[in-house]
Every structure is written in structure tokens, then in C-alpha cells.
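Trainee: I'm new to this one and would like a close look at a single part of it. Could you walk me through where the two domains meet, and then show me what else is worth a glance around it?

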Amino acid sequence: MKKSAGEHRVAIIGAGFSGLAAAIALIKQGIEDFVIFEQEAGLGGTWWNNHYPGAEVDLESHIYSFSFEPYDWSGIYATQEELLDYLNHVAKKWQVVKRIRFGEKVEQVAWNDADHQYTVTTASGEDHGRFCAVISAVGFLNVPLLPPFARGETPFKGVQCHTSRWPHGLEMTGKRVGILGTGSSAVQVVTEAERQAEDVTIFQLEPNWILPKGSLAFTEKERRWFKLPLIYWWKRAQLYWRYDMRQWFAGHARAGWKANKSRAEAALAYLKESLADRPDLLELATPKFPFEARRTVLSDTYYDSLKSPKVHLVPHGAQSLTETGIVDSTGKEYPVDMIVYATGFDAANYLCTLQVKGIGGRDLHQQWAGEPEALLGMMVPGFPNFFMMYGPNTNSVPLVTFYEAQASFAASMIKTMIRRGKTMIDVKPEATQRFNKWLQNLLSKTVWGTTSNYFRAGTGKIVSQWPLNATSYIAGLKLAKLFAVRMR
Ligand code: NAP
């Protein structure tokens, strides 16, 4: 095939953690001709969007960061601001920023059978030329999920926002705030609302299992120690090992397994101890579903916030709005000045903001038919040279380790394709089928299928979770390169 200009250009969609990982992996492979399309005005993805009060990660900073970019972390867990600073620092250092096209929302990527290149269509309508490969790094928790009554026009006259779309400058001070949800975002907002607002009402469909977070700032002395590479890497290795052990065959999510039992006992003990003086709250805040069947929440402050005289826990979901308040599912109205929807994301609907066209014009979402799946979350048969970061069934910890492994897989595949003078990398359908059968068998042994959660598609199939540890995933990608991928 005759080489055309731009034949080796790569498109990356998204400039969050995983998009930056992909960009740097390409640079490491010597592929510098790439464009990152980012719909927002800044980089950071999740950490650009989720700047609600109290937003903070719940994986330790030393492991929730790139292995090749250590940082002077201020505490065990980084805040949203610190993570955004970190990502900007990394992007600047690797000279990635100049390759980002901000404000460009990708709407479609389409494979051209004739020249084995992708066309990328963005909302601006600009002609971006052709790309030999596309790496989707659009994230997983990126499409806010609002309850039906909060979509479009609503009767409510006050301020309302989803946690991931918090207007800059919006304050809760002096307001009566209604918060919907009890997940990881909600507990962080509740803590801040309890500090700032006049009155806080939480609408709880179901309580979640909570473990203490152990959030602490590092002392100056600790920060000095962590500047020594050996100490930094020792800390990182310890954390990696701990997560790898915990996630071994998803032991943390298998009823009766040691990791699950010990964490369930710890969560119950924490709940009972924290709310011992408030039997009314203890009853309302005790989950009824098996431990880890939904993502366990980490918080040092939520139970204390619940006990504050200005916080009210409504043990019902919100059902509708009036001009001045929220109506719960029993029909009772609660007057509020401001509503925070901590109602999560349309997570299982992978790549729902994007149309992906493969060989012969086939459509990725039609092929998935509501049940997204891929080989190791990365490649789908019939969609050559299209790689997904954080794709189906790769949600696990430590997250950034997964991103690095995926980025390195995609970049090395693209590099090999170019080196061998090939134009097409596809994944074998039989290998993908066998892999997903094996995966679903493992997932069926976990508690994730026992309750409603964002891990499952509308059909009930678990489409987001990885049922082993990070080391197994990395090994899987190495095997996939040898046995499941073909180049033409
Ligand atoms: P989420 O875990 O999906 O929680 C959404 C909450 O909204 C649930 O409690 C849900 O109740 C509730 N809800 C939905 N409709 C409602 C209604 N009409 N009335 C009252 N409550 C309603 O979402 P999230 O808290 O944004 O967290 C999503 C994920 O983001 C987390 O699991 C985590 O992976 C990530 N995250 C991480 C951090 C961190 O610290 N690293 C922080 C925030 C988020 P039901 O569950 O009963 O349906």
C-alpha cells in the first residue's frame, strides 16, 4: 500500500489520566505524530470535571500516579487540585500539551476499508485528516447520571448541579442543601456541606458500606524521606503488593473469602462504633446488601457528619422537585435552596458519547447490543487499530497501573505494525469469545451480580469489573500480543 501523508498519525480521545498515559507511551515508542482531542477547556479528565467541594481520590497518591513520574505528595490521598497540578506537571514535562486540541468533542471515528485509516469527526466539523490508529481514553465515569425528574427543565427555582458539573464559584455557605446519594462523591460533599451550609438533607436510597480512609497529611519530615527514590519506590511497591494480594481472584469481592470477610467485619465494626450513640442513625445507615457488592466507600468523616444537628438523613430516594424543594418517595417535601446530585454516572454504557465504525461500516454499539465486551477491555474484533483505555471489564485497582499497561500495549502494537510495514491490527474473534466466557465465569463467583450497581449493563451482565489482580492483567496483555492479535 502506498504511504500517504499522515499515515502514522495517531488520535487519542481524552486528555485525562489514561489519555496522558497513552500519549507518553507513544512518545516512548518514538511515535510523536499524534493528536489528543479533548472536549473540555483543560486537561485532567475526571480531575478536571470533579471539582466539587471535598473532591479527593481514595487510592494512595504513591500508587495513584505514574510509575515513571514520582511527585512530592502532600498527604496519603491527593485532593482534586493536587491531582490536577500533577497531571499538568506531567503533561508539560513530556511536552504533551502542545498536541492537545482543547474544546474538540469527538463524535465519530470511522475506519476506511480502502486505506486502513480512521477519520475522526469532531463537533467543530473541522477536517482533522486521517489516522492510522485511534486510542479511546474517554474514561469510565464520565457521563453524569441524573434521576429522570432532574433531566431537562425542572420546576425547582434554586441552584442545582451534578457533582461532576459543579459550577466554579458555587458555594454552599448559608444555604439549605439537599444531597441525593450516598456513594463516594456524596460522602465527600456531605462532609463539606456540614461545614459550610446552614442545613443539609441527604436523600438515601440505600446506605453503602463504608471503611475508614485514614486520610493524613504528610509531615515535612515524611516528605523529605519520600524524596529519596528508594523510600518512594518502597512505599509504592508495598501498596502495589497489598492491592495485588487483596484483588487475587477478586477475593475482596467473593463471599466467604478472607479479604472479603475481614474487610466486611472492619466496615461493620466501624459503623457500629461510629454510630453507637445514635441507634436511630445506626439502623438507617446499615447496608442490607453483601459487602463489596457495590463499590465500598472510604471516609473518615461521613458518620460524624451524619450526627451533626444540621444534617438530616432521609431514608428514601428523591422522587420529584417542586419550585422550592425536593419530594421523597413517600411524598414528603423538603424545602431546600440548592440541590446536589451525587447520583453517579452512566458507567456501564461504554463509549456512549462516541460512534465507532469498523470494518465494512459496522457499528460498535450495535455489535455490543447493550453488553460491552472486548479482549482485555482493549480491542474488539472488526475494529482494527482501535484501542480502548479503561474499557469494558478493566475496572480494578491500582487504576493507574492498568492505564500504564494498556497504554504500553497500544503503543507497542502500533509501533510493531509500523515497523513491519503493516496497516491493520485486529483481534481474533475466537480468542475474544473464549476470553469473555472465561471472564464471565470468574465474575459469576463474585458478589457483584447480587445487587444493582453501576458495574452491570441493563441486561444484568457485569461489564465493568476485572476479576483478578493487576499482575494477572499485565500478564494477560503480554499473552494477547502473542496469541490473540493478528496484523495484516
Ligand atoms: P455512585 O456510587 O453511583 O452513587 C450514586 C448514588 O446516588 C447512589 O447512592 C444511588 O443510590 C444514589 N441515587 C440515585 N438516584 C437517587 C435518587 N433519586 N435519590 C437519592 N439517591 C439517589 O456515584 P458516585 O458517588 O459519584 O461514585 C461513582 C464512582 O466514582 C465511585 O464508585 C468511585 O469509583 C468514583 N469516585 C471515587 C472517588 C474517590 O474518592 N476516589 C470519589 C467520588 C467518586 P443507590 O446506590 O441505592 O442506587
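Mentor: Sure, let's start with N49, which sits in helix α2, residues 46–49 (helices are DSSP runs of H or I with at least four residues, strands are E runs with at least two, and both are numbered from the N terminus). Before going on, keep in mind that this is a predicted model, where local features need pLDDT of at least 70, side-chain atom pairs count only at pLDDT 80 or more, and totals for chains, interfaces and linings use all residues. Residues are numbered from 1 along each chain as its sequence is written, and side-chain values use heavy atoms, with hydrogens and water left out.

N49 has a relative accessible area of 15%, so it counts as buried (buried is under 20% relative accessible area, exposed is over 50%, and partly exposed is in between, with a 1.4 Å probe and protein chains only). Setting aside neighbours within four places in sequence, N49 is in contact with E40, T163, S164 and R165 (contact is heavy atoms within 4.5 Å).

Now the domains. Domain 1 is made of 10–143 + 347–487, and domain 2 of 148–209 + 294–341; these bounds come from an automatic or database domain assignment. Their contact takes 15 residues from domain 1 and 16 residues from domain 2. Taken over C-alpha atoms, the two centres are 32 Å apart.

How much area is buried between domain 1 and domain 2? About 1400 Å², with carbon and sulfur atoms giving 50% of it (buried area is the accessible area, 1.4 Å probe, that two parts lose on being put together, summed over both). On the domain 1 side, Y52, P53 and D58 supply 42% of the area buried against domain 2, more than any other three residues.

The rule finds one salt bridge across this interface (a side-chain nitrogen of Lys or Arg within 4 Å of a carboxyl oxygen of Asp or Glu). D58 also pairs with R295 in a salt bridge, and their closest N and O atoms are 2.9 Å apart. Seven residue pairs are in polar contact between the domains, both residues being at pLDDT 80 or more (N or O atoms within 3.5 Å; within protein, one must be able to donate a hydrogen and the other to accept it, and residues adjacent in sequence count only if both atoms are side-chain atoms).

Stepping back, the whole structure has 19 salt bridges. One of them joins D72 and K227, with 3.8 Å between the closest N and O atoms. D72 is in the loop between α2 and α3, while K227 is in the loop between α5 (220–226) and α6 (229–246), so the pair ties together parts 155 residues apart in sequence. D72 is partly exposed at 32% relative accessible area, whereas K227 is exposed at 55%. D72, R223 and K227 are linked in a network of salt bridges.

E292 and R263 also meet through their side chains, at 3.7 Å from N to O, and both residues are buried.

Last, some backbone details. V397 and P398 are joined by a cis peptide bond, with omega about -5 degrees, and P398 is in the loop between β19 (386–388) and α11 (399–419). N393 is found in the loop between β19 and α11; its phi is near 55 degrees, a positive value in a residue other than glycine, and N393 is buried at 3% relative accessibility.
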